[in-house]
Amino acid sequence: MSHSWDLVVIGAGAVGSAALRAASERGAKALCLEQHTPAHERGSSHGLSRIFRHAYFEHPDYVPLLRHSTARFETLERESGVTLLHRCGMLVVGPAGSEVVAGSLESGRRWHVAVEALDAPALRTRFPWFAYPDEAVGAFEANAGLVRPEAAVHAALGAARSRGAELRIGARVRALVEDAGGVWVETDAGRERTNTVIVAAGAWTPRLLPELAPLLTVTRQVQAWVAVAAGIDAGAMPCWLFDRGPSERALYGLAPDPAAPMNAAGESSPAHHPKVGLHGSSDLVDPELGAAPVADADLERLHRAYRVVAPALAGRVVAAATCLYTMSPDGHFIVGTRRGSQRIHFAAGLSGHGFKLAPALGDALVDLATHGRTGLPVDFLSPARFVTTRAAQ
Ligand SMILES: Cc1cc2nc3c(=O)[nH]c(=O)nc-3n(C[C@H](O)[C@H](O)[C@H](O)COP(=O)(O)OP(=O)(O)OC[C@H]3O[C@@H](n4cnc5c(N)ncnc54)[C@H](O)[C@@H]3O)c2cc1C
């Protein structure tokens, strides 16, 4: 059986759910196809918390997109009645000359984001949960914090469905076949006819857009929720990231989530504890097979890292989970329109920092699908920057 759609979105993770919401707001007849379930545990959008911030060391050009995204999360909170953001602040710390700290301060200066520069004495006074060498420098953004990923994905999908968009779960797309009049989206259960397509397939993107395969590397990440040491008030902690220099992976932590619900038995959730992780890894993953489960060696590696910088977290591991990063060659997103097509648009290679930006990506992709262009400043994320590689565009 086939239907005609204005837009088919493939994937109901961070980006797909945001795109479906945006499409529904524009009155498009839109369908989202998800092979598993929204924000499932084999992808990249689960784990109870994600950091959002605006003083962005990765690249200052993200700042307008970050502001746009946070505003869109806020409207989604109002529309859904679900709390999605917890503004506990974001602290970045590094050695003297740290590019992470300097980049955060510079993007704050350039875009008038309120971010404070801190030296070691100020860090020790304001954020006593961590250990700082005397030459440590830091930057703190108060208007940052955590966003609840599963809740945000479900709220976006709910908002879209309330406007008439359709979501099909357990619906796996096998191929996209474009012709002069539209695109056939071939699934295990048949095919759909649509005017345009947004591929928001995360780690599975190369299966649908094989030309992007040389640009995308999927890696296994471990996140662990850790009890704090006795006498520590974890509720006052910010989210944080320690730049440990060029030879070590950055270590990050997320604050406990005060709004996390108890489970059915009245027990606390892992989200009531701080979460820690090392940013990046070289463990390659085939998303079809999934990541290997968390092992003792993963937790020992994490513990070795956090006991040095965050002695307040010296407690037991409450829960742990794997998750996938889909890395691009330069760590920046790849957003655009398939080469030779005007109908198939994508966001890929979110490189471990995409959740907070998903609403802007969803809006930009729907702009591309609807008008062929977007007013959102995503040009710096175009695949054209890889034009010297064989796989570009
Ligand atoms: C441990 C960890 C910590 C992170 N921390 C942060 C953070 O603090 N802040 C931040 O901003 N970002 C963070 N990120 C990154 C962020 O979570 C991801 O960039 C983002 O969630 C990716 O969303 P996505 O929609 O691209 O992918 P996904 O959420 O994986 O969604 C893709 C979806 O497409 C579906 N799909 C794929 N192929 C098909 C097909 N053929 N047919 C049907 N469905 C299909 C998949 O099943 C999946 O549900 C973190 C990521 C990890 C793993």
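The legends below describe close-up views of the ligand site and of helix packing in a predicted model. Residues are numbered from 1 along each chain as its sequence is written, and side-chain values use heavy atoms, without hydrogens and water. Local features need pLDDT of at least 70 and side-chain atom pairs pLDDT 80 or more, whereas totals for chains, interfaces and linings use all residues.

**View 1. Residues around the ligand.** The ligand is surrounded by 36 residues, each with a heavy atom within 4 Å of it. Those that come nearest are E34, S45, R50, I51 and C323. By class, 17 residues of the shell are nonpolar, 14 polar and five charged; Ala, Val, Leu, Ile, Met, Phe, Trp, Tyr, Cys and Pro count as nonpolar, Asp, Glu, Lys and Arg as charged, and the others, Gly among them, as polar.

**View 2. Backbone atoms and ligand oxygen.** A backbone N or O atom of V15 is 3.0 Å from an oxygen atom of the ligand. For A200, the distance from a backbone N or O atom to a ligand oxygen atom is 3.5 Å. A polar backbone atom of H353 lies 3.3 Å from an oxygen atom of the ligand. On its own the ligand has 1,000 Å² of accessible area, of which the protein covers 97% (Shrake-Rupley method, 1.4 Å probe).

**View 3. Elements lining the ligand.** Two or more residues of the shell come from each of α1 (14-25), β2 (30-34), β3 (50-52), α6 (205-208), β13 (217-226) and β17 (317-327). Helices (H or I, at least four residues) and strands (E, at least two) are DSSP runs, numbered from the N terminus. The largest share, three residues, comes from β17.

**View 4. Packing of α1.** The axes of α1 and helix α5 (residues 149-162) come within 8 Å and cross at roughly 25°, which makes the two helices roughly parallel (angles under 35 degrees). Axes are lines fitted to C-alpha atoms over the stretch in contact, and angles run from 0 to 180 degrees between N-to-C directions. With helix α8 (residues 358-371), α1 packs at about 50°, the axes being 7 Å apart; α1 and α8 are therefore oblique to each other.

Conventions: Polar contact = N/O pair within 3.5 Å; in protein donor to acceptor, adjacent residues only side chain to side chain. Parallel < 35°, antiparallel > 145°, perpendicular 65-115°, else oblique.
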